[in-house]
Amino acid sequence: MREAALQNEDAFRSFLEPGQWVTHPDHPEWGLGQVQSAIGRRVTVNFEHMGKVALDASIVTLSIEV
């Protein structure tokens with residue numbers, strides 16, 4: 001069971017990369033966030049008004065800011 005879960009996680013690749021600026025669609029009050037890491041579906045973002053947050057990119061679709 002655990003092996004299948006790991007394979008599913010490896011199959012998901014986030015389009016996010018460290019250094020990108022993003023916003024969270026459900027929490028605009030968090031402000032801009034900079035992606036710190038993106039491994040599989042686990043993404044860590046440092047938001048202006050919320051600090052560091054770990055997210056599952058298969059559940060939350062962050063908006064890239066240019």
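These legends describe close-up views of a predicted model. Local features are given only where pLDDT is at least 70 and side-chain atom pairs only at pLDDT 80 or more, while totals for chains, interfaces and linings use all residues. Residues are numbered from 1 along each chain as its sequence is written, and side-chain values use heavy atoms, with hydrogens and water left out.

**View 1. Five strands form an open sheet with antiparallel pairing.**
The order of the strands across the sheet is β4-β3-β2-β1-β5. Strands are DSSP runs of E with at least two residues, numbered from the N terminus, and two of them pair if DSSP finds at least two bridges between them. Strands of a sheet pair through backbone hydrogen bonds, either parallel or antiparallel. β4 and β5 (63-65) are the edge strands; each has a single partner strand, so one side of each lacks a neighbour in the sheet. On average, neighbouring strands are turned by 40 degrees against each other, direction ignored. For such angles, axes are lines fitted to C-alpha atoms, and angles between N-to-C directions run from 0 to 180 degrees.

**View 2. β2 and β3 form a hairpin.**
Two residues lie between the strands, and G40 in the turn has a positive phi of about 60 degrees. The strands run antiparallel and are joined by six bridges. Among the bridge partners, A38 is matched with V43 in β3, and Q34 with N46 in β3. On the β1 side, two bridges join strand β1 (residues 21-23) to β2, again in the antiparallel sense. There, V22 stands opposite G33 in β2.

**View 3. A second hairpin joins β3 to β4.**
The connection runs through three residues. β3 and β4 pair over six bridges in the antiparallel sense. V43 has L55 in β4 as its bridge partner, and R42 has D56 in β4.

**View 4. R41 and D56 meet in a salt bridge.**
A salt bridge is a side-chain nitrogen of Lys or Arg within 4 Å of a carboxyl oxygen of Asp or Glu. Side chains of opposite charge can pair when their charged atoms come close. How many salt bridges does this rule give? The count is one. In the pair R41 and D56, the N to O distance is 3.9 Å. The pair links distant parts of the chain, 15 residues apart: R41 lies in the loop between β2 (33-39) and β3 (42-47), and D56 in strand β4 (residues 51-56). Are these residues buried, partly exposed or exposed? R41 has 26% relative accessibility and therefore counts as partly exposed. D56 also has 26% and counts as partly exposed. The classes are buried under 20% relative accessible area, exposed over 50% and partly exposed in between, with a 1.4 Å probe and protein chains only.

**View 5. The largest nonpolar core has twelve residues.**
Its members are L16, V22, W30, V35, V43, V45, F47, V53, L55, A57, V60 and L62. A nonpolar core is a set of buried Ala, Val, Leu, Ile, Met, Phe, Trp, Tyr and Cys residues joined through side-chain atoms within 4.5 Å. The elements that give two or more residues to this core are β3 and β4. β3 supplies the largest share, three residues.

**View 6. H24 lies in the loop between β1 and β2.**
With 5% relative accessibility, H24 counts as buried. Leaving out residues up to four places away in sequence, H24 touches W30, F47, L55, V60 and L62; contact means heavy atoms within 4.5 Å. With the same places left out, V60 touches H24 and P25. The side chain of H24 also reaches the backbone nitrogen of D26 at 3.0 Å.

**View 7. T23 lies in strand β1.**
The C-alpha atoms of T23 and L62 are separated by 5.8 Å, although the residues are 39 apart along the chain. Apart from neighbours within four places in sequence, T23 is in contact with G31, L32, F47, L62, S63 and E65. The side chains of T23 and E65 are joined by a polar contact of 3.1 Å. A polar contact is a pair of N or O atoms within 3.5 Å; within protein, one must be able to donate a hydrogen and the other to accept it, and residues adjacent in sequence count only if both atoms are side-chain atoms.

Technical notes
Helices (H or I, at least four residues) and strands (E, at least two) are DSSP runs, numbered from the N terminus.
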